[in-house]
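Take a moment with the sequence and the 3D view. Then follow the walk below, one part after another.

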Amino acid sequence: MAKEIAPQGVKPPDQKELVAAFEGPAVLSNKVYVTVGPSGVFFAFCEAVTPEVIHLRTRVVMPYQDAMQFAELLEKMLAPLREAFESAPTISVKVETQKDG
């Protein structure tokens, strides 16, 4: 499957690379800040516990070319999810609250 979604000109990972990629823990990130800087693209992966409480989980800088390949890879991998969300039926629910008095 990796061969199908690898960006053009990028070889799929071998077994050794896959083991290295999945041997460490995964941390939750539900907020990402992206900044294009003079030396590459910076990603700050954070966990927002509340709108006021945000914890930095890790920060990464990628060379421009790698960041563009990463964006292409994400688009390809997430396309089926996007299609599923866009075609999913929507449900409207009216919630009424009782007023005191």
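**A walk through the model**

Begin in helix H3. Lys76 and Glu72 form a salt bridge, with their closest N and O atoms 3.3 Å apart. Keep in mind that this is a predicted model. Why can these two side chains be partners along one helix? They sit 4 residues apart in helix H3, so about one helical turn separates them. Now check their surroundings. Lys76 has a relative accessible area of 36%, so it counts as partly exposed. Glu72 is partly exposed too, because its value is 32%.

Stay on this helix. H3 covers residues 64-87, and Leu74 lies in it. Leu74 belongs to a nonpolar patch on the surface. Its fellow members are Met77, Leu78, Leu81 and Phe85. Together the five residues offer about 510 Å² of accessible area. Is Leu74 itself buried or exposed, or something in between? Its relative accessible area is 36%, so Leu74 is partly exposed.

Next, turn to the sheet. Three strands build it, in the order E1-E2-E3. The sheet is open, and the pairing is antiparallel. Which strands stand at the edges? They are E1 (31-37) and E3 (54-62). Each has a single partner strand, so one side of each lacks a neighbour in the sheet. From one strand to the next, the twist averages 20°. What holds such strands together? Strands of a sheet pair through backbone hydrogen bonds.

Look at one pairing in detail. Strand E2 spans residues 40-48. It runs antiparallel to E1, and 7 bridges join the two. One place to find this pairing is Lys31, whose bridge partner in E2 is Cys46.

Strand E2 also brings us to the aromatic rings. How many aromatic pairs does the whole structure hold? A search finds 2. In one of them, Phe43 and Phe45 are stacked. Their ring centres lie 6.1 Å apart, and the planes differ by 15°. Phe43 is buried, because its relative accessible area is 9%, under the 20% cut-off. Phe45 reaches 24%, so it counts as partly exposed.

Phe43 has another aromatic partner, Phe70. This pair is edge-to-face, with 6.0 Å from centre to centre and 90° between the planes. Where does each ring sit? Phe43 lies in strand E2 and Phe70 in helix H3, so the pair ties together parts that are 27 residues apart in sequence. Phe70 has a relative accessibility of 29%, so it is partly exposed. Phe43, Phe45 and Phe70 form one aromatic cluster.

Finish with the charged pairs. The structure holds 4 salt bridges. The pair in helix H3, Lys76 with Glu72, is one of these. Another joins Glu47 to Arg57, with the closest N and O atoms 2.7 Å apart. This pair links distant parts of the chain. Glu47 is in strand E2 and Arg57 in strand E3, 10 residues apart. Arg57 is partly exposed, because its relative accessibility is 36%.

Lys11 and Glu17 make a further salt bridge, at 3.5 Å from N to O. How open is each partner? Lys11 has a relative accessibility of 57%, so it counts as exposed. Glu17 stands at 40%, so it counts as partly exposed.

Notes:
Residues are numbered from 1 along each chain as its sequence is written. This is a predicted model: local features need pLDDT of at least 70, side-chain atom pairs count only at pLDDT 80 or more; totals for chains, interfaces and linings use all residues. Side-chain values use heavy atoms; hydrogens and water are left out. Patches are made of residues with over 30% relative accessible area and no salt bridge: like charges are joined within 9 Å, nonpolar side chains (Val, Leu, Ile, Met, Phe, Trp, Tyr) within 5 Å. Accessible areas come from the Shrake-Rupley method with a 1.4 Å probe; for residues, only the protein chains shown count as cover. A salt bridge is a side-chain nitrogen of Lys or Arg within 4 Å of a carboxyl oxygen of Asp or Glu. Buried means under 20% relative accessible area, exposed over 50%, partly exposed in between (1.4 Å probe, protein chains only). Two strands pair if DSSP finds at least two bridges between them. Axes are lines fitted to C-alpha atoms, for helices over the stretch in contact, and angles run from 0 to 180 degrees between N-to-C directions. Rings of Phe, Tyr and Trp (its six-membered ring) pair if their centres lie within 6.5 Å; planes under 30 degrees apart count as stacked, over 60 as edge-to-face and the rest as tilted.
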